[in-house]
Amino acid sequence: MKVKSLLITALFSLCLFNLSLFAQAPLEGTWQATYLEFTTPDTTFTRSGEQAASQIKVINKTHFATIAQGTNMESSMFNGGRYDLGKDTYTEHLEYFSMPAQIGKSFTFKCTLDKDKWEITGPVVKDGEPAPDWKLKEVYKRID
């Protein structure tokens with residue numbers, strides 16, 4: 001009887017441990033860009049390889065931070081704040097940004113997450129507001 005009780009307790013503990021692993025936010029970790037695309041009505045800018053790799057997102061259970069290292073301060077960028085993850089959406093609530101006009105705004109992106117590959121597509125901001133003819137695509141790989 002005592003062995004059966006110990007076995008049930010061990011199985012229950014193992015189940016709880018496995019459930020706690022699944023409770024981790026699926027985006028938690030460090031993500032490095034592998035492809036970046038910025039489209040305006042008349043031009044498309046892309047960065048891949050080492051150029052894209054200079055951008056990372058660090059995400060914990062409640063917050064994100066994006067850092068993009070450029071060749072100078074004007075071409076570098078950072079932002080961060082809270083985020084929400086839906087079934088196929090990712091929303092950033094900007095609490096800080098290297099472009100102060102964006103602070104306090106929220107942007108929702110379509111997203112796909114497949115193991116260690118994460119892709120977001122969505123609005124681009126022009127003059128502090130989403131520009132419907134401008135598009136953004138970012139592809140990341142998990143690096144931690």
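Okay, quick definition before anything else: when I say buried, I mean under 20% relative accessible area, with exposed being over 50% and partly exposed in between, using a 1.4 Å probe and protein chains only. This is a predicted model, so to speak: local features need pLDDT of at least 70, side-chain atom pairs count only at pLDDT 80 or more, and totals for chains, interfaces and linings use all residues. Residues are numbered from 1 along each chain as its sequence is written, and side-chain values use heavy atoms, leaving out hydrogens and water.

Right, the overall layout. We've got two helices and nine strands, and helices (H or I, at least four residues) and strands (E, at least two) are DSSP runs numbered from the N terminus. In sequence order that reads α-β-β-α-β-β-β-β-β-β-β. Of the 144 residues, 28% are buried.

Now, strand 3, residues 55-59. Which of its side chains are buried? Q55, K57 and I59, which point to one face, while I56 and V58 point to the other and are not buried. That's the textbook pattern: in a regular strand the side chains alternate between the two faces of the sheet.

Who sits beside strand 3? Strands count as paired if DSSP finds at least two bridges between them. Strand 1 pairs with strand 3 antiparallel, over four bridges, and there T30 has V58 as its bridge partner. On to strand 4, residues 63-68: five bridges tie it to strand 3, again antiparallel, with K57 partnered by T66. A hairpin of three residues makes the connection from strand 3 to strand 4.

I59 also turns up in the largest nonpolar core, which has 20 residues; I59, L27, Y83, Y90 and W118 touch the most other members. By nonpolar core I mean buried Ala, Val, Leu, Ile, Met, Phe, Trp, Tyr and Cys residues joined through side-chain atoms within 4.5 Å. Strands 1, 6, 7, 8 and 9 each supply at least two of its residues. Take W118: beyond its neighbours within four places in sequence, its contacts (heavy atoms within 4.5 Å) include L27, K57, I59, Y90 and E138.

E138 brings me to the lining of the largest pocket, where F38, M77, M99, L136 and E138 lie nearest the centre, out of 31 lining residues. Strand 8 gives the most to that lining, five residues.

That's my lot, happy to take questions.

How values were computed. 1 Å grid on protein atoms, 1.4 Å probe; cavity = no way out; pocket = protein on both sides within 12 Å on 5 of 7 lines; lining within 4 Å.
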